[in-house]
Amino acid sequence: MLIGAVFSALSGWLLSALLLGAGTPKAPAPKAETNEPAWPALAESAPKVASYTIEAKLDSERHRITGHETIHFVNRSSAALSELWFHLYLNAFKNDKTLFLRSPFGAGRSGDKAKEYGYVDVKKLTMRGGDGRDLWATRDRHSPNDPDDETDLRVPLPSPLEPGAELTLELEFEDQLPELVERTGFVGSYHFVGQWFPKLSRLEPNGSFAHFSFHAQSEFYADFGDYDVTLDVPSTFRVGATGSRVREVRAQGRTQLGYHAENVHDFAWTAWDKFETRSERIAGTEVRVLYPPHQERNAEAELASVRFALPHFNARYGAYPYPTLTLVHPPEAAANSGGMEYPTLITTGGPWYSTFGGAHVIDVVTTHELGHQWFYGLLASNEHAEPYLDEGFNSYAEAEALEARYGAGSVFGGFGLSVSSSALNRLFSAARGGDEKVNQGAADFATFRSLGALVYSRTATVLGTLARVYGSERFNHALGVYTRKFRFQHPTTADFMSVMQNELDSRAVTALTLAFSERATVDYLVREISNAPISAAAGVFDGPSGREQRKPEAPHEAAEYTSRVVVYRHGTLQLPVEIELGFEDGTKQLRHWDGSGFTFNVDNVGPSRLVSVNVDPQQRILLDDDRSNNWLSTQASSAPHVREHALYAGQILLGAFGP
Amino acid sequence: MTERAEPRLMGWSTSAAAAVLLWISRTVLALLASYPLLLAVRASMMTAGPEGDAVLFQPGALLLLELLRVGGPWLASATELSLLLLGLAAIFELIPLAVALDLLSAGDRPLLQRAASALRLFPRFLALGLITLLAQAALLLAASLLGAALKPMLASADERLQSLAPIALFSVGLLACGWFGGALDIARATLVRSNLARGGARAALAQAVDCLRQRPLRVLLGVYPSIAGSALAVLAATWFLARFVPTQATGRALALGFAAHQLAMLFAIVWRVRWLGTALELSAESD
């Protein structure tokens, strides 16, 4: 609507002016002239580096997979390659001495140890068109500098692969799935199969491979390609997988299912003989939910989340480009495989009663994992080196979508209480900004709890603060430009900052850099309010007519007061903030501080005493470390609402447990 | 046998007097017990702003969660103290309860006389309460252990059954606790009626157990509606406030919240007084 567009343009300009202080306001963005935002053109496909064709057969009794794999690899780097690096993620569960499992404290998301171990054995690796030599025999026996780990192995090439040259590799492998530790494995007849096949590390443009051992705190990083996978499973099993099902052949109690996915960087699948399914076409995408028996309510809640979030994300971050989306709700006993993202396949989770009560458990997990189709799927950043670029940005996207859907009660709404995603992210991240850098490798975080607070919650809180300071429309547009510009690419922090520089300004980039890379924090606070009546000066004065002695005026109600409050800024983040002044006569004033300097004197002369001050009354600075020192009032509060609630709670407890 | 107060038909006035007495005592005791919590909230400075504690009830709960974060240690200590005070209040509330039972059972007597009688009964009331509490705790523990033992047996069963079976067991335990509570009230009624004339807590408890054996259905039909009525009143108040009162903490919301909560409390107490009258009748019938 026109009024909305004008208001949006005006508010954007005003905020820009405020942020720049006395500087020249930025020229209005072109988007202000039309209703349609100006977006970069969307890439239709990824530059394909590693494409896989896999035939895999599941032995559901022994939980084994035998596979044949063909990798078509293109050297799109600028250097000749003399080696390849393979990720054998499944070896993380081989024994208790692997990097993944050896922490005595239990690491990773679940913190669980393995009960039955898993591994991947590569039987043979040959080069098509070569001399038939088994290249696997020449591999390094363990991950670099780690004799106990076999998740990151180097294979020398018999001859250098020049830039632009192609290579086809053939592999025979066998997986033993672990009892579900985290994401991957089996529980009873339920199988979730992720990170299961020998996979090439991501080839960087300079010819180096971004390879790393599988750490419990880390996720993944891979090149785009096409996947053609045939899964051979018992016919009683229902299967969900990355991509579209393109063929199905049944014979002798087994079913062969063919899946095809283009422009993706991983392939995961699940098979269980108890899955129920539901399908629906949403925003042009065929959405299929696989869920345990009697969980129709959860399945419906998941579809409802996709019905809202898929069009929402399409509009925010560019259209979802794949024809299918599969949601897997694991059984309760396999909850560790829930809450995970793969290209075109996400896992959700939650007990059967998740939809009862006011908590939006299913919506939160479904919306979060769906968001990963952009922040991980289409923007395939290095999750090992810069995990905040996907998990953190996606946490912001999740919160933004949930608040658009549910308002203030986006996490919980019921019994007269509403809890928002932003509030929860702030709770988890507040006062942890000084602990560690947000922008560091996943394995570098001291604990997974620290990673969770900083990578997920603090990143979302930083972005949420920027959205509130710059205006959500303007900030979300900037984020939308980033997601469109780097679609089907592997963006880094520098790429994100370049977009923020263009779409917002250098102050935003400074704030983001400090917050993500320098452990910067901010805390606005006030300590006292001062008032003084304005009266004529008293004393001895020498004037043209001689010496004059003026006596102090008799005490009376002053006609005017001068008032002052000093606002302090702790920390190194400079963010503009509003200050609300309240006067004895009930009037209020709003003052603005651009955040520069460490103190800001707010002075006023007026007919009424200053009785209260509230820094950031709109709660824009979600990053403010401590909000309890943001205000002062000379009129003490008796906390009547708390008193009433406490009284009632006491009465109920006495009634329930008393005589 | 000395003077024996026969149960009489409860008049509106005595029932109302008993209900008001219980409501006042519960309100005063709850106010006292919740005071440390209130002080902790105020000490957190989260209510020191121009809007006072209204900010804690804003939609989204940003500042409510901030209170939990910055005031967490104080709030935890204050909650412990408040719970301790609630425990003491529960013990002290035995006195107004005894007076209420006396009001419902005896004819006209000066209030001071009733209070003196309640004070004399206090040790026996306390002993009965402790015995019942122990029995209820044992019952709930048994239900929990049984639920835990059932879990492996249900490993291959439907997920709903796996989670509902322990809850169902615990609920049965809670229902049985209510039944025990009913017996406790009958024993208290017996003590009040006999006014210490016929032995102590043990005799009263024996009579209550007899009553349970002889009239189990009447006890059930008396005590469970009282519990259900109280729960219903609390749920109705919660529903009303969630449905009709804005989440913003305004003066109107405060007034409506107080009114709804206290109406629910009064309603629950009226149900309790009604049951206490029935307990007196059951006690008399078991003589």
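Reader: How many residues does the contact take from chain A, and how many from chain B?
Author: This is a predicted model: local features need pLDDT of at least 70, side-chain atom pairs count only at pLDDT 80 or more, and totals for chains, interfaces and linings use all residues. Residues are numbered from 1 along each chain as its sequence is written, while chains are lettered from A and ligands numbered from 1 in the order in which they are written. Two residues are in contact if their C-beta atoms, placed from the backbone, lie within 7 Å. On that basis the contact takes 51 residues from chain A and, from chain B, 56 residues.

Reader: Which element gives the most to the side of chain A that touches chain B?
Author: Helices (H or I, at least four residues) and strands (E, at least two) are DSSP runs, numbered from the N terminus. Each of these supplies at least two residues to that side of chain A: β23 (417–419), α6 (421–429), β31 (610–615), β32 (631–633) and α11 (640–657). The biggest giver, with 16 residues, is α11(A).

Reader: How many charged residues does this side of chain A have?
Author: Ala, Val, Leu, Ile, Met, Phe, Trp, Tyr, Cys and Pro count as nonpolar, Asp, Glu, Lys and Arg as charged, and the others, Gly among them, as polar. The side of chain A that touches chain B has 26 nonpolar and 19 polar residues. Its charged residues number 6.

Reader: Which helix of chain A gives the most to the largest nonpolar core?
Author: A nonpolar core is a set of buried Ala, Val, Leu, Ile, Met, Phe, Trp, Tyr and Cys residues joined through C-beta atoms within 7 Å. Buried means 20 or more other C-beta atoms within 10 Å of a residue's own, exposed means 12 or fewer, and partly exposed is in between; C-beta atoms are placed from the backbone. The core has 191 residues, and A:Leu231, A:Ala515 and A:Val613 touch the most other members. With 13 residues, the top contributor is helix α7 (residues 448–470).

Reader: How many residues are in the second, separate core?
Author: Among its members are B:Ile186, B:Ala189, B:Cys211 and B:Ala279. The count for this core is 47 residues.

Reader: What does A:Val613 touch, not counting residues up to four places away in sequence?
Author: Set those neighbours aside first. The partners of A:Val613 are then A:Val526, A:Ile529, A:Val565, A:Ile579, A:Leu581, A:Trp631 and A:Leu632.

Reader: What share of chain B counts as buried?
Author: Chain B has 9 helices and 0 strands. The C-alpha trace of chain B spans about 65 × 60 × 35 Å along its principal axes. Of its 287 residues, the buried share is 41%.

Reader: Why are α2(A) and α5(A) called parallel, perpendicular or oblique?
Author: Axes are lines fitted to C-alpha atoms, for helices over the stretch in contact, and angles run from 0 to 180 degrees between N-to-C directions. Helix α2 (residues 296–317) and helix α5 (residues 391–406) of chain A have axes that come within 10 Å and cross at roughly 120°. Angles under 35 degrees count as roughly parallel, over 145 as roughly antiparallel, 65 to 115 as roughly perpendicular and the rest as oblique. Therefore the name for α2(A) and α5(A) is oblique.

Reader: Which residues of α5(A) make this contact with α2(A)?
Author: From α2(A) come A:Phe308, A:Ala309, A:His312 and A:Phe313. From α5(A) come A:Ala397, A:Ala401, A:Ala404 and A:Arg405.

Reader: How many nonpolar residues does the contact of α4(B) with α5(B) have?
Author: The axes of helix α4 (residues 94–105) and helix α5 (residues 111–153) of chain B come within 8 Å and cross at roughly 115°. B:Leu94 and B:Ile95 are among the residues of α4(B) that meet α5(B). Beside 2 polar and 2 charged residues, the nonpolar ones number 12.

Reader: Is A:Arg519 buried, exposed or partly exposed?
Author: A:Arg519 is found in the loop between α10 (506–517) and β24 (523–533) of chain A. Its phi is positive, about 55°, although A:Arg519 is not a glycine. Because A:Arg519 has 18 C-beta neighbours inside 10 Å, its class is partly exposed.

Reader: What is phi of B:Met45 near?
Author: B:Met45 has its place in the loop between α1 (12–43) and α2 (62–70) of chain B. This residue is other than glycine, yet its phi is positive, near 70°.

Reader: Which residues is B:Gly229 in contact with, leaving aside neighbours within four places in sequence?
Author: B:Gly229 lies in helix α8 (residues 216–244) of chain B. It is partly exposed, with 17 other C-beta atoms within 10 Å. The contacts of B:Gly229 are B:Ala268 and B:Trp271.
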